[in-house]
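Trainee: I would like to go through this structure slowly, one question at a time. Could you take me through the reasoning behind each answer?

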Amino acid sequence: MKNILFLLFFVISCKSYTQQTIVPLRTYTDIPENAGYYIKDTNNELQAFEGTWKGTWNGKTIFITFKKMINKYNTTMKYNEDIIIGKFKTLDSNGNVLFDNLALPDDQAKIRGGNFQNITNKYLMSYRDNDICGIGGSIYLTFANPAKTQLNFSYDQTSMVLTSDCYFHGWAQADRPEPLPKDNIVLTKQ
């Protein structure tokens with residue numbers, strides 16, 4: 001009986017897997033929810049982003065590690081996709097660690113890929129950090145040179161509503177945590 005149940009489960013699993021409709025990463029049309037779609041990096045474009053990148057701003061240094069994730073289910077959009085996730089460590093001018101989430105499991109990465117923008121050709125990512133009162137925003141990446149060893153990094157932080165339980169509630173804007181550069185910077189592949 002166990003063998004029959006296993007075989008039935010295997011056949012159903014194989015059937016549902018083969019019914020996945022693959023569309024390229026740069027698909028700029030609406031993808032129906034729950035229709036078995038997989039937005040796949042068919043041209044291996046995301047591979048060039050992988051690795052550790054370093055940049056500086058306002059006396060701080062950031063190390064960001066990007067990793068390609070394959071066939072990940074997007075719970076918001078309800079389809080599978082290939083994406084890049086990011087984890088980072090930010091140091092002050094004396095080398096003291098200000099922020100470090102490099103050891104987080106991949107499914108808890110605070111930076112998560114989205115898609116390529118049709119007009120600008122930038123790769124869009126989102127950042128959300130509940131450990132810093134829900135700070136977040138959008139990150140835009142483009143390569144700064146043909147060798148793909150430099151990356152233009154732009155972070156657009158969303159406005160925040162700071163509740164009284166946030167540890168930096170009442171702080172002046174200039175004194176609030178700045179885990180990611182708000183200015184456009186160039187990251188260099190390490």
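Trainee: Over the ring of which residue does the charged end of Lys148 sit?

Mentor: Please keep in mind throughout that this is a predicted model. A charge counts as sitting over a ring when, among other conditions, the NZ atom of a lysine is within 6 Å of the ring centre. The charged end of Lys148 is 5.3 Å from the centre of the ring in question, and that ring belongs to Phe143.

Trainee: Where is Lys148 found, and what is its phi near?

Mentor: Lys148 is found in the loop between strand S9 (135-143) and strand S10 (150-157), and at 39% relative accessibility it counts as partly exposed. Most residues other than glycine have a negative phi. Lys148 is not a glycine, yet its phi is positive, near 60°.

Trainee: Which other residue, Asn58, has a positive phi, and is Asn58 buried or exposed?

Mentor: Asn58 has a positive phi of about 45° although it is not a glycine, and it lies in the loop between strand S3 (51-57) and strand S4 (60-74). Exposed means over 50% relative accessible area. Asn58 has a relative accessible area of 57%, so the word for it is exposed.

Trainee: How many aromatic pairs does a search of the whole structure find, and what kind of pair do Phe49 and Tyr123 form?

Mentor: The search of the whole structure finds seven aromatic pairs. For Phe49 and Tyr123 the distance is 5.5 Å centre to centre, with 35° between the planes. Planes under 30 degrees apart count as stacked and those over 60 as edge-to-face, so the pair of Phe49 and Tyr123 is tilted.

Trainee: How many residues apart in sequence are the parts that the pair of Phe49 and Tyr123 ties together?

Mentor: Both Phe49 and Tyr123 are buried. Phe49 lies in the loop between strand S2 (37-40) and S3, whereas Tyr123 lies in strand S8, so the separation in sequence of the parts they tie together is 74 residues.

Trainee: How far apart are the ring centres of Phe49 and Phe143, and how many residues apart in sequence are the parts that this pair ties together?

Mentor: The ring centres of Phe49 and Phe143 are 4.6 Å apart and the planes lie at 35°, so this pair is tilted. Phe49 is in the loop between S2 and S3 and Phe143 is in strand S9, so the pair ties together parts whose separation in sequence is 94 residues. As for exposure, Phe49 is buried with a relative accessible area of 2%, while Phe143 is partly exposed, its own value being 22%.

Trainee: Which residues form one aromatic cluster, and over which of their rings does the charged end of Arg26 sit?

Mentor: The cluster is made up of Phe49, Trp53, Phe116, Tyr123 and Phe143. The charged end of Arg26 is 3.8 Å from the centre of the ring it sits over, and that ring is the one of Phe116.

Trainee: How many bridges join S3 to strand S11, and which residue in S11 stands opposite Trp53?

Mentor: Two bridges join S3 to strand S11 (residues 185-189), and these strands run antiparallel. S10 and S11 also pair in the antiparallel sense, over four bridges, with Phe153 opposite Ile185 in S11. Trp53, for its part, stands opposite Lys189.

Trainee: Which cysteines does the disulfide join, and how many residues apart in sequence are the parts that it ties together?

Mentor: The structure holds one disulfide, which joins Cys133 to Cys166 with an S to S distance of 2.0 Å, and with 95° about the S-S bond the link is right-handed. Cys133 lies in the loop between S8 and S9 and Cys166 in the loop between S10 and S11, so the parts tied together have a separation in sequence of 33 residues.

Trainee: Which element of the protein chain has the lowest mean pLDDT?

Mentor: The mean pLDDT of the protein chain is 87, and 88% of its residues reach 70 or more. Over residues 5-15, however, pLDDT stays under 50, and the model has zero contacts for them beyond four places in sequence. Where pLDDT is low, the predicted coordinates should not be read in detail. Among the elements, S11 has the highest mean pLDDT (98), and the lowest (48) belongs to helix H1.

Technical notes. Residues are numbered from 1 along each chain as its sequence is written. This is a predicted model: local features need pLDDT of at least 70, side-chain atom pairs count only at pLDDT 80 or more; totals for chains, interfaces and linings use all residues. Side-chain values use heavy atoms; hydrogens and water are left out. Buried means under 20% relative accessible area, exposed over 50%, partly exposed in between (1.4 Å probe, protein chains only). Two strands pair if DSSP finds at least two bridges between them. Rings of Phe, Tyr and Trp (its six-membered ring) pair if their centres lie within 6.5 Å; planes under 30 degrees apart count as stacked, over 60 as edge-to-face and the rest as tilted. A charge sits over a ring if NZ of Lys or CZ of Arg is within 6 Å of the ring centre and within 35 degrees of the ring normal. pLDDT is the predictor's confidence in each residue, from 0 to 100. Contact means heavy atoms within 4.5 Å. A disulfide is a pair of cysteine sulfur atoms within 2.5 Å.
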